[in-house]
Amino acid sequence: MHPETKLVQMGKGRCQSTGAISCPVYHATAYEHPALGQSTGYDYTRTGNPTRHALEEAIAALEGGEAGFACSSGMAAIQTVMGLFSVGDHLIVSLDLYGGTYRLFEEIFTRYGLSFSYVDLRDFEAIRSASRPETRGIFIESPTNPLMRVTHIGKVCSLAKEKGWLSIVDNTFMTPWFQRPLEHGADVVVHSATKYLGGHNDVLAGLIISRGRELSQRVATLHNSMGAVLGPQDAWLLMRGMKTLALRMEKHQENALLLTQFLNGHPAVERVYYPTTDTADRSIQENQASGYGGMLSFRVKDPDRIPILLSSLRVIAFAESLGGVESLITYPWTQTHADIPEEIRRKVGVCDKLLRLSVGIENIEDLIGDLSHALNVSRDSTSKTIKERV
Ligand SMILES: *Cc1c(COP(=O)(O)O)cnc(C)c1O
């Protein structure tokens, strides 16, 4: 079956007695045993829930993994996976990383005796020099957030395999529609399903997909023991969103490509970041993914314009998320990446001129019109303030 068919058929055929097309929502937390030593396959909902299972089986098939696990958020998924590591272990991590992941690692897991090195994973020498005898894992985001740097997943995962490290890929930006890291050698994939998979800015969820039986059993134990599982209603809502993933991703990308063209030519814009803007990144991206996605970032020339620009937008919402049908714009400097120390933010290029745009599926003319208006208003009013000051 093709991926878009798998997506659409998700949850179908789950209720033999009624033939319900949409997966029923099983709210029951406890399941009656037919007899001593027997089970319907469901005992207690933290361990397994029929609605959540439909979602978990679907995402495992989509990513090409042995098993899928649905969690209460993307952070819950990452936290669960981190349970695979033990005190003393060291991990190598993508440099410009989702801010919440950085906070989880630095503020929480360092207290549990784990350590982390943040490395530009495009640089193999840097990876080798960051590696230590106690390195046990590598955590990859590609393209990165918010600078859209592309990591060669296959090469990094084969280095990890050679060294005996567990490789984990956060595939939130690409989704299995565009990129399937397990096919390139990754051991574990995580998602903030709150973003593109859910797709409508209305459900918080995370997913884990693991390779092979042994690893999947370890993740299953962690998922059940830590208990950060997804509720049945949210599992249903997520499946509802995922059915249209293929259509949405193509439209997000179509709009994003047109917006990069518009922004590239705009006099108030200094630089655009999208997986196509750097030639080396682009060729890696084209080899490991079937698209570029719907996320882009751009740097304006004058950071003083940003407040006016943000308040002049009418279609694009100034809000802190991504991946939904509605376009959202974020200021990573004070929002998503504020927890990363200023010195590191500057080093990786997350500066006070950078805006991140999650391109929605609105009509492109409305998006270009909105940005064009906001960039021009901010330019006029900046010059006015300067004049007034003079
Ligand atoms: C949002 C996000 C997360 C965290 O997911 P939540 O669902 O918000 O907990 C992790 N990684 C990336 C890349 C994200 O964008």
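Which residue in β11 does Ala-317 stand opposite? The model that answers this is a predicted one. In it, Ala-317 stands opposite Leu-328 of β11. The two strands concerned are β10, which covers residues 317-318, and β11, which covers residues 328-330. They pair in the parallel sense, over 2 bridges.

This pair belongs to an open sheet of 5 strands. Reading across the sheet, the order is β8, β9, β12, β11, β10, and the pairing is mixed. Strands β8, residues 269-273, and β10 form the edges, since each of them pairs on one side only.

The next stop is the ligand. The space that the ligand takes up is the largest pocket. Which residues surround the ligand? They are Ser-73, Gly-74, Met-75, Tyr-98, Asp-170, Thr-172, Ser-192, Thr-194, Lys-195, Leu-204, Ala-205 and Leu-322. Sorted by character, this shell has 5 nonpolar residues, 5 polar residues and 2 charged residues.

Some of these residues also make polar contacts with the ligand, where a polar contact is a pair of N or O atoms within 3.5 Å. Gly-74 uses its backbone: one of its backbone N or O atoms is 2.9 Å from an oxygen atom of the ligand. Thr-194 uses its side chain, with a polar atom there lying 2.6 Å from a ligand oxygen atom. Asp-170 also uses its side chain, but its partner is a nitrogen atom of the ligand, 2.7 Å from a side-chain N or O atom. Taken alone, the ligand would expose 380 Å², and the protein buries 93% of that area.

The last stop is the loop between β4, residues 135-141, and α6, residues 153-163. To read its backbone, a general rule is useful: most peptide bonds are trans, and most residues other than glycine have a negative phi. Where does this loop depart from trans peptide bonds? One place is the peptide bond from Ser-142 to Pro-143, which is cis, with omega near -5°. Another is the bond from Asn-145 to Pro-146, also cis, with omega near 10°. Pro-143 is found in this loop, and so is Pro-146. Met-148 lies in the loop between β4 and α6 as well. Its backbone is unusual in another way: Met-148 has a positive phi of about 60°, although it is not a glycine.

Terms used. Residues numbered from 1 in each chain as written. Predicted model: local features only at pLDDT ≥ 70, side-chain atom pairs only at ≥ 80, totals over all residues. Heavy atoms only, no water. Near = heavy atom within 4 Å. Polar contact = N/O pair within 3.5 Å; in protein donor to acceptor, adjacent residues only side chain to side chain. Areas by Shrake-Rupley, 256 points an atom, 1.4 Å probe, with all protein chains shown as cover. 1 Å grid on protein atoms, 1.4 Å probe; cavity = no way out; pocket = protein on both sides within 12 Å on 5 of 7 lines; lining within 4 Å. Sits in = over half its atoms within 2 Å of the grid points. Nonpolar A, V, L, I, M, F, W, Y, C, P; charged D, E, K, R; others polar. Pairing = 2+ DSSP bridges. Helix = DSSP H or I, 4+ residues; strand = E, 2+ residues; numbered from the N terminus.
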